[in-house]
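Colleague: I am new to this one and would like a guided look. Could you show it to me before I start asking?

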Amino acid sequence: MAEPRTAKLTFDGKEIELPILSPTAGPDVLDIRKLYAQGDVFTYDPGFTSTAACDSTITFIDGGKGELLHRGYPIDQLAEKSHYLEVCYLLLYGELPSAAALEKFETTITQHTMLHEQMGNFFRGFRRDAHPMAVMVGVVGAMSAFYHDSTDINDPRQREIASHRLIAKMPTIAAWAYKYTIGQPFVYPRNDLDYASNFLRMCFAVPAEEYHVDPVLARAMDRIFTLHADHEQNASTSTVRLASSSGANPFACIAAGIACLWGPAHGGANQACLEMLKEIGSPDRIPEFIARAKDKDDPFRLMGFGHRVYKNFDPRATVMKQSADEVLDLLGVENNPILATAKELEQAALADPYFSEKKLFPNVDFYSGIILEAMGFPTSMFTPIFALSRTVGWISQWKEQLEDPQMKIGRPRQLYLGDTARDYTEIESR
Ligand code: ACO
């Protein structure tokens with residue numbers, strides 16, 4: 001057996017040996033857990049750019065290569081050959097299901113799609129102009145008040161029921177958040193439909209007429225769910241893990257993840273990206289916006305460009321671009337000015353040294369907004385759709401953390417730069 005490897009850290013006359021941990025893929029990891037005890041020092045890493053906060057077997061990203069694997073399977077193969085609920089099973093349980101296991105899982109998820117009837121009152125308590133993400137944060141958090149029988153995190157069966165409930169009910173919650181804001185009646189789930197078709201129907205059907213789900217749109221919807229299902233330790237997933245590390249119940253933890261996802265640097269980027277494309281309006285204004293993105297004195301950034309981890313093409317963006325072409329073709333939206341602007345903007349940015357030197361490539365959000373808008377979703381629904389897709393990732397990471405015997409409450413340290421101890425000054429002397 002190979003000798004365990006260590007790195008040496010020397011400072012102030014001290015020498016500390018740090019074990020080097022070898023992952024199955026990706027760079028080695030220095031184990032600094034004993035650093036404070038042995039060296040009386042902390043490490044400083046705002047934004048966690050060099051810090052692993054957990055070990056995980058769920059998702060692997062090679063940002064340099066533009067590779068994304070779920071349990072080892074490449075995302076492009078999953079997007080092409082699999083479907084969302086099968087990917088959910090894979091993320092949750094670690095292996096692709098047998099035909100019988102998949103059928104059982106799909107049946108279980110389907111049977112949990114309804115919301116407690118009383119939850120409708122929760123929706124009705126919001127203003128009609130509430131952002132659907134605000135409604136989702138509130139309603140998902142409130143699930144802990146409705147589903148007490150699955151909040152005991154120490155009971156593996158309760159954990160599993162909570163996982164199934166969250167995956168099953170999230171489309172209903174997102175669709176109802178939308179229906180409420182447009183003043184239409186809530187549409188109840190239908191168990192004879194697949195996951196994506198059911199969501200489309202709950203969003204777009206009205207009681208006055210039949211609604212038929214187009215299978216091409218259902219497939220595109222399913223693909224959007226699949227492409228967003230998990231993405232290792234991103235901001236919202238880390239938020240879920242941090243919330244869960246205190247022993248909080250699963251519904252509270254997922255509500256925390258939704259809150260984090262809302263920001264424009266994360267899940268809100270697809271909404272921000274489409275709004276930006278509309279503001280650009282036509283390809284002839286692209287140089288002006290590229291110049292603004294490069295200007296250090298202008299806070300404007302090209303939305304849908306750049307990624308903390310991918311320093312190459314986001315593999316999800318490639319699949320999403322294909323889907324955008326298919327959906328717009330099906331809907332007969334030829335010569336769509338937004339798509340034309342997006343394609344030219346992508347080319348212009350890729351040809352510009354500013355973006356290539358900083359390794360800024362289109363991310364998954366660059367094309368997803370175009371598809372969602374073509375399907376009939378308003379921009380305010382883009383991030384809720386991301387949240388519903390990512391729920392399985394959050395839940396799988398939450399489950400993995402709770403099953404990890406090394407689990408500790410998350411408690412980062414700080415580099416304190418404030419005042420040292422000083423005496424209180426009486427108000428008349430200030
Ligand atoms: N447009 C213009 N310049 C950019 C962009 C952009 N979209 N993204 C990064 N840069 C520049 C920064 O100004 C910085 O330049 P500097 O080194 O000269 O100061 C450099 O590239 C590095 O940027 P950071 O912000 O330090 O990189 P970080 O890894 O922290 O940020 C992020 C990643 C937040 C995604 C960033 O690229 C961004 O804001 N992109 C636009 C928003 C977006 O699309 N978010 C979606 C992310 S994917 C997802 O959540 C599904």
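Modeller: What follows goes from the whole chain to single residues and then to charged pairs.

Modeller: This is a predicted model, in which local features need pLDDT of at least 70, side-chain atom pairs count only at pLDDT 80 or more, and totals for chains, interfaces and linings use all residues. Residues are numbered from 1 along each chain as its sequence is written, and side-chain values use heavy atoms, with hydrogens and water left out.

Colleague: How many helices and strands are in the protein chain?

Modeller: The protein chain has 18 helices and 6 strands. Both are DSSP runs numbered from the N terminus, helices being H or I with at least four residues and strands being E with at least two.

Colleague: What radius of gyration does the protein chain have, and what would a compact globule have?

Modeller: The protein chain has 23 Å, which agrees with the value near 22 Å for a compact globule of 430 residues. The radius is taken over C-alpha atoms, and the globule rule is 2.2 Å times the number of residues to the power 0.38. Along its principal axes, the C-alpha trace spans about 80 × 70 × 55 Å.

Colleague: What share of the residues counts as buried?

Modeller: Of the 430 residues, 47% are buried. Buried means under 20% relative accessible area, exposed means over 50%, and partly exposed is in between (1.4 Å probe, protein chains only).

Colleague: And what about contacts across the sequence?

Modeller: Among contacts between residues at least 6 apart in sequence, 70% join residues at least 24 apart. A contact means heavy atoms within 4.5 Å.

Colleague: Changing topic, where is D365, and is D365 buried or exposed?

Modeller: D365 is in helix α17, which covers residues 365-375. D365 is buried yet has no salt bridge, and the nearest side chain of opposite charge, R316, is 6.7 Å away. A salt bridge requires a side-chain nitrogen of Lys or Arg within 4 Å of a carboxyl oxygen of Asp or Glu. For charge, Lys and Arg count as positive and Asp and Glu as negative, while His and the chain ends are not counted.

Colleague: Which residues does D365 touch?

Modeller: Not counting residues up to four places away in sequence, D365 touches H228, H266, A269, N270, C273 and F386.

Colleague: How many salt bridges does a search of the whole structure find?

Modeller: The search finds 17. One of the pairs is K278 with E373, whose closest N and O atoms are 2.4 Å apart. This pair links distant parts of the chain, with K278 in helix α12 (residues 269-280) and E373 in helix α17, 95 residues apart.

Colleague: What are the relative accessible areas of K278 and E373?

Modeller: K278 has 41% and is partly exposed. E373 is also partly exposed, at 26%.

Colleague: Any other pair to look at?

Modeller: D325 and K343 meet through their side chains in a salt bridge of 2.9 Å, N to O. Here too distant parts of the chain are linked: D325 is in helix α14 (residues 315-330) and K343 in helix α15 (residues 337-350), 18 residues apart. D325 is partly exposed at 33% relative accessibility, and K343 is partly exposed at 30%.

Colleague: What about R127 and D129?

Modeller: Their side chains form a salt bridge of 2.7 Å, N to O. R127 is exposed, with a relative accessible area of 61%, and D129 is exposed as well, at 56%.
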